[in-house]
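Dear colleague,

I am handing over the structure we spoke about, and would be glad if you could look through it alongside the notes that follow.

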Amino acid sequence: MSNPIAIPKVGFVSLGCPKATVDSEHILTRLRAEGYLISGSYQDSDLVIVNTCGFIDSAVEESLDAIGEALAENGKVIVTGCLGAKGDVVRQAHPRVLAVTGPHATDEVMAVVHQHLPKPHDPYSDLVPAQGIRLTPKHYAYVKISEGCNHRCTFCIIPSLRGDLVSRPVGEVMQEAQNLVNAGVKELLVISQDTSAYGVDVKYRTGFWGGRPLRTRMTELAAALGELGVWVRLHYVYPYPHVDEVIPLMAQGIILPYLDIPFQHANQRILKLMKRPGSSDNVLARIKQWREICPELTLRSTFIVGFPGETEEEFGELLDFLKEAQLDRVGAFAYSPVEGAAANELPDHVPPEVQQERLARLMLLQEEISAERLKRKVGKTLTVLVDEVDEEGAIARSSADAPEIDGLVYIENGQQLNVGDFVEVKITDSDEHDLWAEIA
Ligand code: SF4
């Protein structure tokens, strides 16, 4: 062991989506709370934890490579996360790993750590900040409100990896959010597999926060988070009817006017094959109504192109929907058969070249829509949150931009700003993704 007072050191590799990042943060927080040190190198670590992703084939490969590298460089490796739920895959590729756990398994991971690397005598719990250890920059943080999912979308294996929905107690979520705000966080990003289902598993039980009752439910949680005085952004909101309830909170400025709501397709037959809700007429009417209530609303959605059996006509319906819906941000993916997904059994898989051609057409259309919508912001004054500052200016985001997935606002005279500042800027230019601005 290389450190002179022999404090055990753990290396950590965190792969995967924001939900996996939150799992990593929980494990890192526990490690630090118990007095372990977190090491930045394989050689300096007494053992290494790899938090894996198993969502698509390329993520599986990346995770297996990371495990292989940790084994070669260090030798003592614990595997956790989504790929860990497919224990056999990991053990077959890397029989030497110490243990394999699934996602959201802090207790199990800690038990294996204790077994192979005993806890130090003098816990450094005082050194752990109340907000825990986070992997995101200090001014924004992900808050995971639940784990698992009750839906069975046919293209997705998350429920088989992570199980049915389990909502975190609302008081616990609020306490974590409050700790983050106290520690200087300016933006809370609410995440889960299915944010609008929050509380379904506990029948929307009433919990407590700040001495008053608070229901375990998305609308009530959003309103309570909105009282903390920072930006609150909702992600992965499944299009249930009660989503309509959060739009007035957005219109009143209680939470950000931003809705990340995956529609996946517009054609009724394909949606049914996907086991997704909603007809496009209904969705279009709802979008129209949402925008009437909250004209500032930014809508982000994701779509799957070339789902098994998708005809040219059905794809055309999706394009027509996009033209009509005028969404602000769109992510689109060609359907890819994830091992274990029910949709793989469907007939008439669309050839990859047709999928790619459709994907390109969809993205081209959406770029035009996005460019047009961003152009309308030129000349307006917006509040933005600064993410980075260098000699060329500052890079920030507006309410319309979630970190890492949406656009940016480049502030050309922002050299004097600080990361985490809220600042009013005047928009001077735009392209299909980003905006340019000057301090107002
Ligand atoms: S709602 Fe999301 S996580 Fe749940 S099954 Fe569907 S795609 Fe998967």
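In which sense do β9 and β12 pair, and over how many bridges? In this predicted model, the two strands β9 and β12 pair in the parallel sense, over four bridges, and within that pairing Leu 189 stands opposite Arg 233 in β12. The side chains of β12 divide between two directions, with Trp 231 and Arg 233 pointing one way and Val 232 and Leu 234 the other, although all of them are buried.

Two tyrosines in loops deserve a look at their backbone. Most residues other than glycine have a negative phi. Tyr 204, which is not a glycine, nevertheless has a positive phi of about 55°, and this residue lies in the loop between β9 (187-191) and β10 (206-209). Tyr 236 likewise has a positive phi, here of about 50°, and is found in the loop that runs between β12 (231-234) and α8 (246-251). Tyr 204 counts as partly exposed because its relative accessible area is 25%, and Tyr 236 is also partly exposed, at 24% relative accessibility.

Turning to internal space, the count comes to one cavity of 30 Å³ or more, and the largest cavity has a volume of about 60 Å³. Its lining is made up of Thr 298, Asp 328, Arg 329, Ser 370, Arg 373, Leu 374, Lys 377 and Ala 400, which divide into four charged, two polar and two nonpolar residues. Helix α12 (residues 352-375) gives the largest share of that lining, with three residues.

With best regards

Conventions. Residues numbered from 1 in each chain as written. Predicted model: local features only at pLDDT ≥ 70, side-chain atom pairs only at ≥ 80, totals over all residues. Heavy atoms only, no water. Buried < 20%, exposed > 50% of the residue type's maximum accessible area, 1.4 Å probe, protein only. Pairing = 2+ DSSP bridges. 1 Å grid on protein atoms, 1.4 Å probe; cavity = no way out; pocket = protein on both sides within 12 Å on 5 of 7 lines; lining within 4 Å. Points joined across faces, edges and corners; volume = space filled by probe spheres on them. Nonpolar A, V, L, I, M, F, W, Y, C, P; charged D, E, K, R; others polar.
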